[in-house]
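Q: I would like to learn how to read a protein model together with its ligand. Could we go through one step by step?

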Amino acid sequence: MSTPQRVAIVTGAARGIGEAVAHRLATDGHAVVVLDLLEKDCARVADAISAAGGVALAVGADVSDEAAVEAAVSEVADRLGPPTILVNNAGIIRDNLLFKMSVSDWDQVMGVHLRGSFLMSRAAQKFMVEAGFGRIVNVSSSSALGNRGQANYAAAKAGIQGFTKTLALELGRFGITTNSVAPGFIESDMTRATAERLGVSFEEFRDTLVSNIPVGRPGAPEDVAAAVSFFAREDAGFVSGQVLYVAGGPLN
Ligand code: NAD
């Protein structure tokens, strides 16, 4: 493979959407940092990228932990070079109706999605500013528009959209774009957990949701990865502050 173009960090990349994004950015020619809670969980994805001829580094870090984030981003810069692509994808759900939602359910979701995206972006932006180039892609969700049982998650994912637009305003002058992808229903461990919480089989859950998706199929992690890949491109530099719903149909 030719020399990697850029160093890309993908958070929450040990599985699901993040794993697909990591593979896609590696295929696009970037060196990819597979960052997730435990380094050993990242190693499988990093090894697969390396085996396919790419360049990958597994890094264990909790995105909501300031010291861990600073150490992880420094390690990336030392070992691979300045990270100039960042995909804030790490996420959790702690679903419950409002009257049953605990403060811990609320804080944990805010901690990973919002605090995590903030800490990772703040740590990476200095390398992007120095390079005069950067691509930040934040993973929001169709739940930002409201979703029963997800007051915490919907608020966090709507917050991600405001965060995205603000970074686009602040960082644009340094050659840094910031955009957001907002997936609809994507088959992953996260949506399997949702079906379980609702007490229905995953197949039943999927079929009900698909009946309302115009393209008539569930989303795959690779569908989201394709949208992230577009925002990360060199020639997407005039596209910033956007929210792209990846949901098989229009959402607003
Ligand atoms: P997933 O649960 O399969 O994967 C999430 C990954 O994030 C896991 O590997 C997990 O270990 C990691 N993670 C969680 N907390 C972390 C932390 N504090 N630090 C580092 N890593 C952490 O979920 P997924 O379906 O692949 O979702 C990925 C992203 O896409 C999330 O932000 C999610 O909210 C969003 N999303 C998913 C869907 C969907 O339908 N699956 C829809 C819209 C948005």
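Q: Let's start with the backbone. How far does a backbone N or O atom of I17 lie from an oxygen atom of the ligand?

A: Happy to begin there, with one reminder: this is a predicted model. For a polar contact, look for a pair of N or O atoms within 3.5 Å. Here the backbone N or O atom of I17 lies 2.8 Å from a ligand oxygen. Another backbone N or O atom, this one of G184, is 3.3 Å from an oxygen atom of the ligand.

Q: Which polar side-chain atom lies 2.9 Å from an oxygen atom of the ligand?

A: That one belongs to K157.

Q: How much of the ligand's area does the protein bury?

A: The idea is to take the ligand alone, then see what the protein covers. Alone, this ligand exposes 830 Å², of which the protein buries 94%.

Q: Which elements give two or more residues to the shell around the ligand?

A: They are α1 (16–27), α4 (103–131), α5 (151–171) and α6 (189–198). The top contributor is α6, which gives 3 residues.

Q: How many residues surround the ligand, and which are the closest?

A: For a shell, collect each residue with a heavy atom within 4 Å of the ligand. In this model that gives 28 residues, with R15, D36, N89, Y153 and S188 the closest. Sorted by character, the shell holds 13 nonpolar, 10 polar and 5 charged residues.

Q: Why does the ligand lie between domain 1 and domain 2?

A: Check which domains supply the shell. Residues come from both domain 1 (7–184 + 221–243) and domain 2 (186–218), so the ligand lies between them.

Q: Now the whole chain. How many helices and strands does the protein chain have?

A: There are 8 helices and 7 strands. For overall shape, compare the radius of gyration with what the globule rule gives. The chain has a radius of gyration of 17 Å, close to the 18 Å from the globule rule for 252 residues, so the chain is as compact as a globular protein of that length. Its C-alpha trace spans about 45 × 35 × 35 Å along the principal axes.

Q: What percentage of the 252 residues in the protein chain is buried?

A: Buried residues make up 51% of them. To sort a residue, remember that buried means under 20% relative accessible area and exposed means over 50%, with partly exposed in between.

Q: Let me try that on two alanines. Are A58 and A247 buried or exposed?

A: A58 sits in strand β3 (residues 56–60), and its relative accessibility is 10%, so A58 counts as buried. A247 belongs to the segment after β7 (243–246); its 17% relative accessibility makes A247 buried.

Q: And in the loops, where are A220 and G146?

A: A220 is in the loop between α7 (202–210) and α8 (221–232). With 24% relative accessibility, A220 counts as partly exposed. G146 is in the loop between β5 (134–139) and α5, and a relative accessible area of 49% makes G146 partly exposed.

Q: How far apart in space are A58 and K100?

A: For this, set the sequence separation beside the C-alpha distance. A58 and K100 are 42 residues apart in sequence and 37 Å apart in space. For A247 and L25, 222 residues apart along the chain, the C-alpha separation is 21 Å. A220 and G237 are 17 residues apart in sequence, with 26 Å between their C-alpha atoms. Finally, G146 and A232 lie 86 residues apart in sequence and 28 Å apart, C-alpha to C-alpha.

Key. Residues are numbered from 1 along each chain as its sequence is written. This is a predicted model: local features need pLDDT of at least 70, side-chain atom pairs count only at pLDDT 80 or more; totals for chains, interfaces and linings use all residues. Side-chain values use heavy atoms; hydrogens and water are left out. A polar contact is a pair of N or O atoms within 3.5 Å; within protein, one must be able to donate a hydrogen and the other to accept it, and residues adjacent in sequence count only if both atoms are side-chain atoms. Accessible areas come from the Shrake-Rupley method with a 1.4 Å probe; for residues, only the protein chains shown count as cover. Helices (H or I, at least four residues) and strands (E, at least two) are DSSP runs, numbered from the N terminus. Ala, Val, Leu, Ile, Met, Phe, Trp, Tyr, Cys and Pro count as nonpolar, Asp, Glu, Lys and Arg as charged, and the others, Gly among them, as polar. Domain bounds come from an automatic or database domain assignment. The radius of gyration is taken over C-alpha atoms; the globule rule is 2.2 Å times the number of residues to the power 0.38. Buried means under 20% relative accessible area, exposed over 50%, partly exposed in between (1.4 Å probe, protein chains only).
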